[in-house]
Amino acid sequence: MSKSKFFIIFLTLFSTAIFAFVNIGVGYGINNNNWVVRVGYEDNMFSLNGNYFVNLEWGIDGSILFETPLGVSTGPMIGIVNDLQNNKIYMNYGGFIGYKYKGQFDIKLAFLMEYGSSLNFLDNLFASFRAYIPDPPGMKMKDKLYVEMSYFKQRFYIVVGLLEPF
């Protein structure tokens, strides 16, 4: 491996480690009346979150972010759901478009198709709105507290979470 390739890989991994957050959250599924637990990893270019609906399903959503200076982001996204009641795994993929506003909120919309399935708008839509709780007056916190509302695979849930620096 040449020195320039090594330097680029090192710089990418180093910048990811500096700006990375561990995501921990707890929430409630509105339409299935069940608790959800979230664990994940997020940084400024990549996100991977796992959600577990107690005794119903577990799911993973991940994306690679390409962001513009105006706060608009886009990129590929995956969504995997393991339905424990029907013993079926859904693997969805597609693109997303998102918007970040000055560290106050994030919006993400995606249309994720399942390989080999027919078009079903309600099953394929992914939508997420995350609002960050502002820091207490006079304090600058390193971690970020948020409230998120998400919709995927006809599941609507609200999560309160914490992004803790890695």
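**Exercise 1. Phe105 and its aromatic partner**

Classify Phe105 in this predicted model as buried, partly exposed or exposed, then find which residue forms an aromatic pair with Phe105 and how the two rings are arranged.

*Solution.*
Step 1. The relative accessibility of Phe105 is 22%. Buried would require a value under 20% and exposed a value over 50%, so Phe105 counts as partly exposed.

Step 2. Now look at the rings. The structure holds 9 aromatic pairs. One of them joins Phe105 to Phe129, with 5.7 Å from centre to centre and 35 degrees between the planes, which makes the pair tilted.

Step 3. Place both partners in the fold. Phe105 belongs to strand β8 (residues 105-114) and Phe129 to strand β9, so the pair ties together parts that are 24 residues apart in sequence.

Step 4. Check the partner in turn. Phe129 has a relative accessible area of 31% and is partly exposed.

Step 5. Widen the view a little. Phe105 and Phe129 form one aromatic cluster with Tyr99 and Tyr101.

**Exercise 2. The two faces of β8**

Work out which side chains of β8 point to the buried face and which point to the other.

*Solution.*
Step 1. Start from the rule: in a regular strand, side chains alternate between the two faces of the sheet.

Step 2. Apply it to this strand. Asp106, Lys108, Ala110, Leu112 and Glu114 point to one face and are buried. Phe105, Ile107, Leu109, Phe111 and Met113 point to the other face and are not buried.

Step 3. Pick out Lys108 from the buried set. The charged end of Lys108 sits over the ring of Phe96, 4.9 Å from the ring centre.

**Exercise 3. Following the strands from β6 to β11**

Trace how β6 connects through pairing to β7, and carry on through β8, β9 and β10 to β11. In which sense do β10 and β11 run, and how many bridges join them?

*Solution.*
Step 1. β6 and β7 run antiparallel and are joined by 12 bridges. Here Pro76 stands opposite Gly95 in β7.

Step 2. β7 pairs with β8 in the antiparallel sense over 10 bridges, and Lys100 is set opposite Asp106 in β8.

Step 3. β8 and β9 also pair in the antiparallel sense, over 7 bridges. Asp106 turns up again, this time opposite Arg130 in β9.

Step 4. From β9, 7 bridges lead to strand β10 (residues 144-152), and these two strands run antiparallel. Ser128 stands opposite Ser150 in β10.

Step 5. Finally, β10 and β11 (residues 155-165) run antiparallel with 9 bridges between them. Tyr146 has Gly161 as its bridge partner in β11.

**Exercise 4. The surroundings of Ser128**

Decide whether Ser128 is buried or exposed, and name the residues that it touches beyond four places in sequence.

*Solution.*
Step 1. Locate the residue: Ser128 is found in strand β9 (residues 125-132).

Step 2. The relative accessible area of Ser128 is 11%. The limit for buried is under 20%, so Ser128 is buried.

Step 3. List the contacts. Leaving out residues up to four places away in sequence, Ser128 touches Asp106, Ile107, Lys108, Glu148, Met149 and Ser150. Ser150 is also the residue opposite Ser128 in β10.

**Exercise 5. Positive phi in the turns**

Find which residues take a positive phi in the hairpins of β6 and β7, β7 and β8, and β10 and β11.

*Solution.*
Step 1. β6 and β7 form a hairpin with 4 residues between them, and Asn87 in its turn has a positive phi of about 55 degrees. Asn87 is not a glycine, and its relative accessibility of 69% makes it exposed.

Step 2. The hairpin of β7 and β8 has 3 residues between the strands; in it, Lys102 has a positive phi near 45 degrees.

Step 3. Between β10 and β11 there are 2 residues, and Lys153 in that turn has a positive phi of about 55 degrees.

**Exercise 6. Confidence**

Which elements have the lowest and the highest mean pLDDT?

*Solution.*
Step 1. For the whole protein, the mean pLDDT is 85, and 89% of the residues reach 70 or more.

Step 2. By element, helix α1 (residues 3-18) has the lowest mean, 53, and β9 the highest, 94.

Step 3. A word of care to finish: where pLDDT is low, the predicted coordinates should not be read in detail.

Conventions: Residues are numbered from 1 along each chain as its sequence is written. This is a predicted model: local features need pLDDT of at least 70, side-chain atom pairs count only at pLDDT 80 or more; totals for chains, interfaces and linings use all residues. Side-chain values use heavy atoms; hydrogens and water are left out. Buried means under 20% relative accessible area, exposed over 50%, partly exposed in between (1.4 Å probe, protein chains only). Contact means heavy atoms within 4.5 Å. Rings of Phe, Tyr and Trp (its six-membered ring) pair if their centres lie within 6.5 Å; planes under 30 degrees apart count as stacked, over 60 as edge-to-face and the rest as tilted. A charge sits over a ring if NZ of Lys or CZ of Arg is within 6 Å of the ring centre and within 35 degrees of the ring normal. pLDDT is the predictor's confidence in each residue, from 0 to 100. Two strands pair if DSSP finds at least two bridges between them.
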